[in-house]
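User: I should like to learn how to read the features of a protein model, one at a time. Please show me the structure and begin with a strand.

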Amino acid sequence: MFIYLDNAATTKPCAEAVQAAVSAMTENFGNPSSLHRAGLDAQLAVDNARKIIADSVGAESSNIIFTSGATESNNLALRGICTAYGRKRRKIVASSVEHASVDETLSALEKSGFEIVRVSPRDDGNFYSADFVESCDENTVMITMMYVNNETGYILPVKETFSAVKRKYPDIITHSDCVQAYMKITFKASTLNADLISLSGHKIHAVKGIGALYIKKGIRVLPIVTGGKQEKGIRSGTESVPLICSFGAAVEKYSTTIKERFDRVSILKNHLLENISVIDGISVNSVDNASPYIVNISVGKRSEIMLHFLERKGIYVSSGSACSKGQQSGVLEQFGISDKNADSALRISMTAETTKSELDEFAKALREGIKTIRG
Ligand code: PLP
């Protein structure tokens, strides 16, 4: 049995993404910077993928910079803006539930003298745009706010917040880590009112090691990697043509079915919750209107023990409060989940290809785990 329910960690590359990468490696292996035909062909393939990704967020090709993944996109967005605009304005406002690639970067910027204000959810577990606006002032250089939380699926009010912030402080630069929303929720850069958006390929069935940063026209991002001036000098280094092509192929495949897949995964989520809510000792940490792709539950037994119990049955989930290899991120606590429930949290993350019978197998194994695991 192989039931993969850890799609927020990574997804299986789709056939189209694999094929695009293989043909870029076997047939179209030139360096896009070369002046000869092989170089030009590689450049055309990169341009094609860039256009597909630009279209998907309602942007022009010139707004998209390829990176090695969303970790780099987030680093580039935060550090690149602070270097370009942060001499006088020294404050950054963020949500308190950001991914480590944002949060750790904020901590590093704090050490170099920036003031970081992390806005938490209120007691009801929700974020309110007014709280973000209240934290901003004339000294604020940027605000960063993820769209969908990777641990709980919570959808943050990015659009409302960025619009309200821009109304009051037009100079504040807005950045959103849209990794867990991309190709799952329909959005455009302009409707989010985002100046910068981070994207990752491997969460949407492309190959690992590729991401992108959308940068609105007129916003200056200084590079963190310097060299041969590829990617408009914002991210030097020979472009990974195979990975870029795989990213483009995945976006081309999935961008036309966002709504259908969302509806299908919503049905799957309901099915899952109906099945597990009858099991004693389970509580659901994800709210009803969260992204259906991510369901966070507490199971009354230590996450890691349950995770390995399920693994022995061929079912793969993630521990629900870990950012990497078992380290707790503190995000569930931010959402008001008790330490005890955070210790026993599991994250189930689906795709539209997940089946009801896979979820039934999961529920069956979970019930067995709860009965047999001691403590
Ligand atoms: N941001 C979020 C919300 C994520 O879930 C992840 C991956 O887990 C990242 C950023 C990092 O993405 P990448 O693996 O492409 O560096």
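Analyst: Strand 7 (residues 196-200) is a suitable start: five of its five residues are buried, so this strand is largely enclosed by the rest of the structure. This is a predicted model, in which local features need pLDDT of at least 70 and side-chain atom pairs count only at pLDDT 80 or more, while totals for chains, interfaces and linings use all residues. Residues are numbered from 1 along each chain as its sequence is written, and side-chain values use heavy atoms, with hydrogens and water left out.

User: How are the terms "strand" and "buried" defined?

Analyst: Strands (E, at least two residues) and helices (H or I, at least four) are DSSP runs, numbered from the N terminus. Buried means under 20% relative accessible area, exposed over 50%, and partly exposed in between, with a 1.4 Å probe and protein chains only.

User: Which residues of strand 7 lie on one side, and which on the other?

Analyst: In a regular strand the side chains alternate between the two faces of the sheet. Here Leu196, Ser198 and Ser200 are on one side, and Ile197 and Leu199 on the other. Both faces are covered, as all of these residues are buried.

User: In what sense does strand 7 pair with strand 8?

Analyst: Two strands pair if DSSP finds at least two bridges between them. Strand 7 and strand 8 pair in the antiparallel sense, over five bridges; serine 200 has glycine 211 in strand 8 as its bridge partner. With strand 6 (residues 173-177), strand 7 pairs in the parallel sense over three bridges, and histidine 175 stands opposite leucine 196.

User: Which residues come nearest to the ligand?

Analyst: A residue is near a molecule if one of its heavy atoms lies within 4 Å of it. Of the 14 residues around the ligand, Thr71, Asp177, Ser200, His202 and Lys203 come nearest. Helix 3 (residues 70-85) gives the most to this shell, with three residues.

User: How should I read the polar contacts of the ligand?

Analyst: A polar contact is a pair of N or O atoms within 3.5 Å; within protein, one must be able to donate a hydrogen and the other to accept it, and residues adjacent in sequence count only if both atoms are side-chain atoms. A polar side-chain atom of threonine 71 lies 2.6 Å from an oxygen atom of the ligand. For glutamine 180, a polar side-chain atom is 2.8 Å from a ligand oxygen atom, and for histidine 202 the distance from such an atom to a ligand oxygen is 2.8 Å. The protein covers 86% of the 400 Å² of accessible area that the ligand has on its own, by the Shrake-Rupley method with a 1.4 Å probe; for residues, only the protein chains shown count as cover.

User: Is lysine 229 buried or exposed?

Analyst: Lysine 229 is exposed, with a relative accessible area of 63%. Its place is in the loop between strand 8 (211-215) and helix 8 (241-254). Lysine 229 and serine 33 are 196 residues apart in sequence, and 9.9 Å apart in space from C-alpha to C-alpha.

User: What is the strand order in the open sheet of four strands?

Analyst: The order is 9-10-15-12, with antiparallel pairing. Strand 9 (283-284) and strand 12 (318-319) are the edge strands, each pairing on one side only. Between strand 9 and strand 10 (residues 294-298) there are two bridges, and valine 284 stands opposite isoleucine 297.

User: How many helices and strands does the protein chain have?

Analyst: The protein chain has 13 helices and 15 strands. Of its 375 residues, 57% are buried.
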